Amino acid sequence: MSTARVTDPGTAPVGAGNWVAQNGSGELADMMGIEFLEYTVERTVGRMPVRGNRQTVGYLHGGAFVVLGESLGSMAANLHAGAGRLAVGVDVNATHTRSATEGYVTGVCTPVHLGRSLTVHEIVVTDDDGRRCCTMRITNLVKDAPVP
């Protein structure tokens, strides 16, 4: 498997191992400041700033955690799906166990199941001190990509 360390998707090598360079990270991920740091079928890592993604009381918004997790899980599933196939999210859940108020949160996405038609990934999000803040699971349906 190829590994892409992607902090600037525009400079990363294009190929089967770099979904971000080929397709971009998506408007929402860009707007939230998500950086993709590692990208393989076995492990996808990204981080997101807390600043700019907080709710009114100063905590990282729970939905922001989910955006990070779903971005990592969906991109990992699409890397697994391969050419001519597309992975789309059908279920995501999140358990928030700690708040983050500053710095960055980092998500590590690993596969639980990689099948022909379904993938399941777990995403663990930690703060800058390595404390777990959120645990997520995403299920993606893998199907043939639409013909352009």
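Arginine 85 counts as buried in this predicted model, because its relative accessibility is 16% and the cut-off for buried is under 20%. Its side chain does not go without a partner: arginine 85 and aspartate 144 meet side chain to side chain in a salt bridge, with 2.8 Å from N to O. Follow the chain between these two and you will see that the pair links distant parts of it, since arginine 85 belongs to strand 3 (residues 85-96) and aspartate 144 to strand 6 (residues 132-144), 59 residues apart. Is aspartate 144 buried or exposed? Aspartate 144 is exposed, because its relative accessible area is 55% and exposed means over 50%.

What lets such partners come together? Side chains of opposite charge can pair when their charged atoms come close. By the rule used here, the structure has 6 salt bridges, so let us visit some others.

Another one joins the side chains of arginine 137 and aspartate 91, at 3.1 Å from N to O. This pair, too, links distant parts of the chain: arginine 137 lies in strand 6 and aspartate 91 in strand 3, with their positions 46 residues apart in the numbering. Both partners fall in the middle category of accessibility: arginine 137 is partly exposed at 36%, and aspartate 91 is partly exposed at 34%.

Next, look at arginine 131 and aspartate 129, whose side chains form a salt bridge at 3.4 Å, N to O. Which residues do shared salt-bridge partners join into one network here? They are Asp127, Asp129 and Arg131. Within this network, arginine 131 counts as partly exposed, because its relative accessibility is 37%, whereas aspartate 129 is exposed, with a relative accessible area of 61%.

Finally, turn to threonine 44, which you will find in strand 2 (residues 44-49). Why does threonine 44 count as buried? Its relative accessibility is 0%, and the cut-off for buried is under 20%. The side chain of threonine 44 reaches a backbone atom, the oxygen of threonine 40, at 3.2 Å. To see what else surrounds threonine 44, set aside its neighbours within four places in sequence; it is then in contact with Glu38, Tyr39, Leu72, Ala76, Gly107, Val108 and Cys109.

How values were computed:
Residues are numbered from 1 along each chain as its sequence is written. This is a predicted model: local features need pLDDT of at least 70, side-chain atom pairs count only at pLDDT 80 or more; totals for chains, interfaces and linings use all residues. Side-chain values use heavy atoms; hydrogens and water are left out. Helices (H or I, at least four residues) and strands (E, at least two) are DSSP runs, numbered from the N terminus. Buried means under 20% relative accessible area, exposed over 50%, partly exposed in between (1.4 Å probe, protein chains only). A polar contact is a pair of N or O atoms within 3.5 Å; within protein, one must be able to donate a hydrogen and the other to accept it, and residues adjacent in sequence count only if both atoms are side-chain atoms. Contact means heavy atoms within 4.5 Å. A salt bridge is a side-chain nitrogen of Lys or Arg within 4 Å of a carboxyl oxygen of Asp or Glu.
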